[in-house]
Amino acid sequence: MDRRKFLEIPLLGLPLLVAERTFGQAKRNPIGSSLKVKMPVVVSTWDSGITANNGAWPILSKRGGALDAVEAAGRASEDEPSCCVGLAAYPDRDGNVTLDSCIMNGNGDCGGVSFLERIKHPVSVARKVMENTPHVLLSGKGAQEFAVAQGFTLEPAVLSADAEKEWKKWLEKSKYKPEINIENKKVSQAAPYFFDDGSANHDTMGTIAMDVDGKLAGMVTTSGMAFKMRGRVGDSPIIGAGLFVDNEVGAATSSGVGEEVIRICGTHTVIEQMRFGRTPEQACREAVRRVVKRDPTKAKQLQVGFLALSKTGEIGAFAIQKGFSYSVTNSQYPKGKVFAARSWF
Ligand code: SD4
């Protein structure tokens, strides 16, 4: 890249004014080029990130560690049916719920599970992979056997009523087309934020946090894309794609069409951009730019969003499409606050 082009790129992340937007009762707050917050802090993708943050904040606010906090965030999401990231989530096209998750601390310790069935808390299995095996990622039957050996219960293979209804509806046409911002379009009555259609919520939760000692950690938990092919694994359990954390720099997570995130090693790209001086929002924007430039026509039809937290307490996000949001909880926002990310289109 010539010097002129290199210098141009950081300017792409300069602040633009974004109007405050209201979706039903879900009020998203406008952002500048970055949001500087007090530590400790937990930040999660989407409006339903509030549920995840509510799991993490009791730990962080009592001076607990970031790794414990993000695991608790994942478990809170997996426990909440309206979050749709655990066993209540939408199945693959054959009617099986298959879950992906990973967890990482700022020292490069990490673990993940993919294509995991009938286990309620994939994030905790991911942590066991990290702590009790020499490996980083266990998949499918092997991951399930490992989980059971570690004391996790094998749950019945049943769909939630909502998932079964949506799957049957989907079977009528059997067309795989990821829906943009599906995570924020469906909201159950239990969720703190509502949309005009009263529907709820979510199929991926990414959480990044910094504790009182300045240590970073992150996790992702998901059922992946609804009605995917059996065996499909997305970006969420893949270190450097759905999650990357480095105590020297910051933490980043992603949501949206995982295939696009994997192709550009999304969150690793974000962290490396931050390492060389970009703000979290600029870094997220650069990762989005790489997705868009690969196929600008296709990019119009899909959503990918990145969310990052720097070690100095700056938060930034950027997405291809409007509608990506993130939730922040700390001493300034103990009940959590939802912010809108800026977007390419
Ligand atoms: C995946 N990135 O499996 C996930 C899907 C997602 O909100 O983020 N949905 O590709």
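I will walk through the overall make-up of this chain, then one covered helix, and then one pair of packed helices.

Please keep in mind throughout that this is a predicted model. The secondary structure of the chain comprises eleven helices and 16 strands, and of its 345 residues 59% count as buried. If we take the contacts with a separation of 6 or more, 66% of them are between residues 24 or more positions apart. The chain leaves about 14200 Å² exposed, and carbon and sulfur atoms supply 54% of that area.

Let me turn to helix 9, which spans residues 266-275 and is mostly covered, with eight of its ten residues buried. Those buried residues are Gly266, Thr267, Thr269, Val270, Ile271, Glu272, Gln273 and Met274, so you will see that Glu272 is among the buried ones. What do the buried residues of helix 9 pack against? Their partners are strand 10 (243-246), strand 11 (250-256) and strand 12 (304-310), together with helix 8 (258-263) and helix 10 (280-294). After helix 9 comes Gly277, which has a positive phi, near 115°.

The last item is a helix pair. Helix 3, residues 66-79, packs with helix 4, residues 122-132, at an angle of about 145°, and the two axes lie 8 Å apart. On the helix 3 side the contact is made by Leu67, Asp68, Glu71, Gly74, Arg75 and Glu78, while helix 4 contributes Pro122, Val123, Ser124, Arg127, Met130 and Glu131. By character, the residues of this contact divide into six charged, four nonpolar and two polar.

Note on methods: Residues are numbered from 1 along each chain as its sequence is written. This is a predicted model: local features need pLDDT of at least 70, side-chain atom pairs count only at pLDDT 80 or more; totals for chains, interfaces and linings use all residues. Side-chain values use heavy atoms; hydrogens and water are left out. Helices (H or I, at least four residues) and strands (E, at least two) are DSSP runs, numbered from the N terminus. Buried means under 20% relative accessible area, exposed over 50%, partly exposed in between (1.4 Å probe, protein chains only). Contact means heavy atoms within 4.5 Å. Accessible areas come from the Shrake-Rupley method with a 1.4 Å probe; for residues, only the protein chains shown count as cover. Axes are lines fitted to C-alpha atoms, for helices over the stretch in contact, and angles run from 0 to 180 degrees between N-to-C directions. Ala, Val, Leu, Ile, Met, Phe, Trp, Tyr, Cys and Pro count as nonpolar, Asp, Glu, Lys and Arg as charged, and the others, Gly among them, as polar.
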